[in-house]
Amino acid sequence: MAAVDSFQFLYREVSRSCSPYLETLALVGALYTARRVIVLLRDCCALLRVHFLPRMIPSKKLTQIFGDWAVVYGAAEPVAKAYAEELARRGISIIFVTKDHTSVRDAAASLSQSYGVETVVILADFSLDPAASKSIEEAMRGKDIGFLVNCVESLSPPQSLIEMPEQALLDFVNKNVAVATLMTRLVLPGMLERSRGAVVNISSGACSRPLPGRVTLTASTGYLDHFSRALHLEYGGKGIFVQSLIPFQIASSEQQPSSSSTPLSGQGWFVPKPEVYARHAISTLGVSNRTTGYWPHTLQYGLIRCIPEWIWVLGSRVLISSS
């Protein structure tokens with residue numbers, strides 16, 4: 001009984017000594033809560049503005065806003081091929097730049113037949129031919145190039161840095177960093193001359209957090225994301241719209257994870273088909289400079305952003321050790 005009385009007495013004394021600070025603590029708590037509510041409302045408004053309103057409100061044709069032709073690099077990837085089809089559906093002719101014409105030849109013919117647009121396939125292997133850009137410049141000459149689409153190359157299955165063959169590593173970095181930058185340099189002058197155009201760089205949500213077995217993918221997508229943001233800063237005021245698309249997992253045509261994905265398992269609502277993703281992503285063109293392109297992925301990105309990086313790294317290490 002004495003112990004209970006002693007505790008009650010101690011509690012009263014502590015409460016009495018802290019009473020001058022209770023109002024201050026309550027005010028701090030109220031301000032913190034208000035701040036979190038404001039951030040949540042802001043994010044909800046951004047979600048509506050970027051992903052829903054553009055799909056509900058009619059807008060001008062993309063050909064009127066940006067131009068009649070698009071250059072697509074990396075169309076061997078399912079998501080880039082689907083994005084090119086969405087552009088063709090809107091009456092935009094396509095120039096495919098690839099080092100293996102067999103991967104896009106059938107797609108190009110299908111787009112021409114289905115949507116009545118012109119398609120051109122340019123063979124360009126920058127790793128073998130330093131002058132490969134000349135054929136691209138020749139194909140673009142006299143055309144109203146309004147779009148450039150760069151897409152990250154696939155890296156599957158996951159490999160650690162030391163497991164990747166040296167030549168494969170050089171090719172991967174060359175395509176996703178050097179060639180994507182060079183393609184932008186080739187297309188930009190014509191866009192600046194016409195004071196209109198759109199550069200769309202499709203990387204991956206992998207750039208938001210480090211991933212086990214994806215060192216080169218994380219670094220390359222991080223470069224493409226920051227490259228897009230730097231381009232937007234430099235050329236956004238000159239009529240050029242630069243967009244960084246950072247999707248999470250996307251199912252390929254064979255129902256396997258595509259390149260622009262994180263190693264999450266499962267299919268369904270959060271793992272859209274390339275056609276579904278492209279339809280959502282293209283509606284954000286001209287609206288947001290940096291987005292996942294698909295609203296469920298934006299929810300994923302918001303959740304990942306809430307996790308401190310040290311917790312993310314610790315969890316990744318636990319998963320690696322348990323596998």
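**Exercise 1. Describe the salt bridge between R194 and D144, and place both residues in the fold.**

Step 1. In this predicted model, the closest N and O atoms of R194 and D144 are 3.0 Å apart, and the two residues form a salt bridge.

Step 2. R194 belongs to helix 6 (residues 166–194), while D144 sits in the loop between helix 5 (133–140) and strand 4 (145–151); the pair therefore ties together parts that are 50 residues apart in sequence.

Step 3. The relative accessible area of R194 is 32%, which makes R194 partly exposed. D144 has a relative accessibility of 15% and counts as buried. The cut-off for buried is under 20%.

**Exercise 2. Find how many salt bridges there are, and examine further examples.**

Step 1. The count is 10 salt bridges.

Step 2. One of them joins R305 to D43, with the closest N and O atoms 3.5 Å apart. This pair links distant parts of the chain: R305 is in helix 9 (residues 295–306) and D43 in helix 1 (residues 2–56), 262 residues apart.

Step 3. R305 is partly exposed at 47% relative accessibility. D43, at 29%, is also partly exposed.

Step 4. Another salt bridge brings together the side chains of E138 and R141, with an N to O distance of 2.3 Å. R141 is exposed, its relative accessibility being 54%.

Step 5. Salt bridges also link E85, E86, R89 and R90 in a network.

Step 6. The general principle is that side chains of opposite charge can pair when their charged atoms come close.

**Exercise 3. Determine how the buried residues of helix 5 are arranged, and what they pack against.**

Step 1. The buried residues in helix 5 are S133, I136, A139 and M140.

Step 2. Viewed down the axis of helix 5, these buried residues fall within an arc of 120°, so they line one face of the helix.

Step 3. The spacing can be compared with a general rule: an α-helix has 3.6 residues a turn, so residues three or four places apart point the same way.

Step 4. The packing partners of the buried residues of helix 5 are strand 1 (69–73), strand 2, strand 3 (119–123), strand 4 and helix 6.

Step 5. After helix 5 comes G142, which has a positive phi, near 80°.

**Exercise 4. Work out the strand order of the sheet and identify its edges.**

Step 1. The sheet is open and is formed by seven strands in the order 3-2-1-4-5-6-7, with parallel pairing. Strand 3 and strand 7 (290–291) are the edge strands, each pairing on one side only.

Step 2. Strand 1 and strand 2 run parallel and are joined by five bridges. Between them the chain passes through helix 3 (residues 78–89), and this β-α-β crossover is right-handed.

Step 3. Strand 2 and strand 3 also run parallel, again joined by five bridges. Here the chain crosses through helix 4 (residues 105–115), and this β-α-β crossover is right-handed.

Step 4. Elsewhere in the sheet, six bridges pair strand 5 (residues 197–202) with strand 6 (residues 240–245) in the parallel sense. In this pairing, V200 stands opposite Q243 in strand 6.

**Exercise 5. Decide whether strand 2 is enclosed or open to the outside, and describe the setting of S93.**

Step 1. Of the six residues of strand 2, six are buried, so this strand is largely enclosed by the rest of the structure.

Step 2. In a regular strand the side chains alternate between the two faces of the sheet. In strand 2, S93, I95 and V97 point one way, whereas I94, F96 and T98 point the other way, and all are buried.

Step 3. S93 is found in strand 2 (residues 93–98) and has a relative accessible area of 9%, which makes S93 buried.

Step 4. W69 stands opposite S93. For I94, the bridge partner in strand 3 is T119.

Step 5. Apart from neighbours within four places in sequence, S93 is in contact with D68, W69, A70, V117 and E118. For E118, the backbone nitrogen lies 3.2 Å from a polar atom of the S93 side chain.

Conventions
Residues are numbered from 1 along each chain as its sequence is written. This is a predicted model: local features need pLDDT of at least 70, side-chain atom pairs count only at pLDDT 80 or more; totals for chains, interfaces and linings use all residues. Side-chain values use heavy atoms; hydrogens and water are left out. Helices (H or I, at least four residues) and strands (E, at least two) are DSSP runs, numbered from the N terminus. Buried means under 20% relative accessible area, exposed over 50%, partly exposed in between (1.4 Å probe, protein chains only). A polar contact is a pair of N or O atoms within 3.5 Å; within protein, one must be able to donate a hydrogen and the other to accept it, and residues adjacent in sequence count only if both atoms are side-chain atoms. Contact means heavy atoms within 4.5 Å. A salt bridge is a side-chain nitrogen of Lys or Arg within 4 Å of a carboxyl oxygen of Asp or Glu. The arc is that of the directions from the helix axis to the C-beta atoms. Two strands pair if DSSP finds at least two bridges between them. A crossover is right-handed if, with the strands pointing away from the viewer, the path from the first strand over the helix to the second runs clockwise.
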